[in-house]
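Q: I have a model open and would like to talk it through with you. Could you take my questions as they come?

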Amino acid sequence: MSIQKTFQEINDKIKREEAVVLTAEEVSAMGKSQSPAEIVRKVDVVTTATFGPMCSSGMFINTGHANPPIRMEKATLNGVPVFTGIAAVDLYIGATETHLEDPTYGGAHIIEELIAGKDVELIAHAKGTDCYPLKNIHTTINRENINEMIMFNPRNAYQNYPVAVNGSNRIKYTYMGSLLPKLGNANYSTSGELSPLLNDPEMRTIGMGTRIFLGGTTGYVSWHGTQFKTDAEVNEHGVPVSNAATLAVIGDASGMNPAFIKAAYYEKYGVSMFVGIGIPIPVLDEEMAARVMIRNDQITTRILDYGDPDHPELGRTTYEELMSGEIKLNQKKIKTASLSSLYKAREIADILKKQIIEGNFQLSEPVELFPKGKGLNSLEIR
Amino acid sequence: MNQTKKRMVLRFPAGTVNEPVTYTLIKEYDVLINILNADITHGKEGHLLIEMIGLEGNVADAMAYLESKHVEISPVVKTILFNEAACIHCGACSSVCFPGALEMDPSTRRLLFFPEKCVACELCIKACPLQLFELNFGVN
């Protein structure tokens, strides 16, 4: 009879420090010579991770009230506008918001600096009300003197993403990095076989409430991410061949580590933020074992031409080829590079593995699973 | 005749600083002078970091003129400085580096920098999302 495990049984083993935990890369290598039945018998948890630029990120802060109090209507942190359209001293720092004069500095830098414990200059204005009479404030804030720093990222951890090339005659500076003309290079962004949603493509174990590693501390999957899509084409190994599912995640940024949240600037595109995410996947049965065994040569992605505004598909490739440093397209060898850091993703997968082995990280069963059969709308101009 | 472009540092002895050398280069030798850095004080030694663009013959004549004025000419060597300690090893720079100065280690997935292979094409400066590369104007 095939083995079936529950979250509870696995958590009990974690508590007793008896759980067998491998990273997704380790289990992929093991899967070359062992069957899903053997893997489910030997392995309890597989850690997955990613460390890539994720624009749809940001952080709520509550600055505390001044005396007399102000209801901030316009505010900047180190010259970067922040969203004030909520309560008096609740602010949302959008990762991609840019400084009023310096396009290379933005919300992601403010988030990284606050996490690092640095002072940040706050300037805010209001019209003044009977209950909030103060009209202007100029002060500094830091991690210690504000009430909350809650990272909430509406769309992270894309399940697969296309490769970007440039078939045009001039260099393109994009969110997929510098793309050299005439298919001069190819950039991709994934940790491949280590990536969370590629190891649980049907999201049987990752759902609302899943406890995760986020930016160096514990966080949670709070919802499906924006632009969540489950109707994408899948390949013969059951993984989508393009961008599909996404995660909305939340966590206490006051416990985060700037080594796992990094501000980025992409030339002539703007500011983004590297977010470190690690997700444990319980090997509940043979079916899950087969999923976490997925290898880079089994994960396909599309190659899109960012030199053309319609981004036409020029071909397909696998992450094994992409990670070799070179792909072949139209008889041409093209140098490849990743935008997400596999080196850092491995570091995260190892940290999470250690936490689970030592009994310091319990898995949480999703409170609710994600919607099925969800497609995407596009914005009609009418 | 072919057009040429040379970057150089010109060091002026104290006596030459007062002469309109750049004017003469442009007016008499028909070369384009782009001043990238300058430190000139009357009566003292000074230096100019310039880019000289013009026909090969004109550039050669212009340099002979400078030598006749005892201006010391040093070709500029551009190098790329890399703040390796802050690197997150994404690898975005490696696909724009054709001389192979920036390569990903296939097993550790760390970025490797081989400065001796670098031709200072500067593509990595714009490709790095953490802005860890900068141009350094050294002098031979």
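Q: How many Å separate the centres of domain 1 and domain 2 of chain A?
A: This is a predicted model, and in it the centres of domain 1 of chain A and domain 2 of chain A, taken over C-alpha atoms, are separated by 34 Å.

Q: And which residues go into each domain of chain A?
A: Domain 1 is assembled from three stretches of chain A, 7-53, 156-260 and 268-357, while domain 2 is the stretch 64-146.

Q: How many residues does each domain give to the contact?
A: Domain 1 of chain A contributes eight residues and domain 2 of chain A contributes 12 residues. On the side of domain 1 of chain A that touches domain 2 of chain A, five residues are nonpolar and three are polar, with no charged residues there.

Q: Switching to the sheet with β7 of chain A, what is the strand order?
A: The order is β5-β4-β7-β8 in chain A, an open sheet of four strands with antiparallel pairing. Its edge strands are β5 (80-82) and β8 (136-141) of chain A, each of which pairs on one side only, and from one strand to the next the twist averages 25°.

Q: How many bridges join β7 and β8 there?
A: Strand β7 of chain A, residues 120-125, pairs with β8(A) over six bridges in the antiparallel sense. Within β8(A), the residue standing opposite I123(A) is H138(A).

Q: Which strands does helix α4 lie across?
A: Helix α4 of chain A, residues 107-115, lies across β4 (74-77), β5 and β7 of chain A, and it runs at about 125° to β7(A).

Q: Why is α4(A) described as largely enclosed?
A: Because eight of the nine residues of α4(A) are buried, the helix is largely enclosed by the rest of the structure. The buried residues of α4(A) include H109(A) and E112(A), as well as I110(A), I111(A), L114(A) and I115(A).

Q: What does the backbone do just after α4(A)?
A: Just after the helix, G117(A) takes a positive phi, with a value of about 90°.

Q: Now the other chain: how many residues are in contact between A and B?
A: Chain A has 25 residues in contact with 18 residues of chain B. The elements of chain A that give two or more residues to its side of that contact are β12 (177-179), β13 (185-188), β17 (261-266), β22 (332-338) and α8 (342-357).

Q: How does that side of chain A divide by residue class?
A: The side of chain A that touches chain B has 12 nonpolar, nine polar and four charged residues.

Notes: Residues are numbered from 1 along each chain as its sequence is written. Chains are lettered from A and ligands numbered from 1 in the order in which they are written. This is a predicted model: local features need pLDDT of at least 70, side-chain atom pairs count only at pLDDT 80 or more; totals for chains, interfaces and linings use all residues. Domain bounds come from an automatic or database domain assignment. Two residues are in contact if their C-beta atoms, placed from the backbone, lie within 7 Å. Ala, Val, Leu, Ile, Met, Phe, Trp, Tyr, Cys and Pro count as nonpolar, Asp, Glu, Lys and Arg as charged, and the others, Gly among them, as polar. Two strands pair if DSSP finds at least two bridges between them. Axes are lines fitted to C-alpha atoms, for helices over the stretch in contact, and angles run from 0 to 180 degrees between N-to-C directions. A residue is buried if 20 or more other C-beta atoms lie within 10 Å of its own, exposed if 12 or fewer, and partly exposed in between; C-beta atoms are placed from the backbone.
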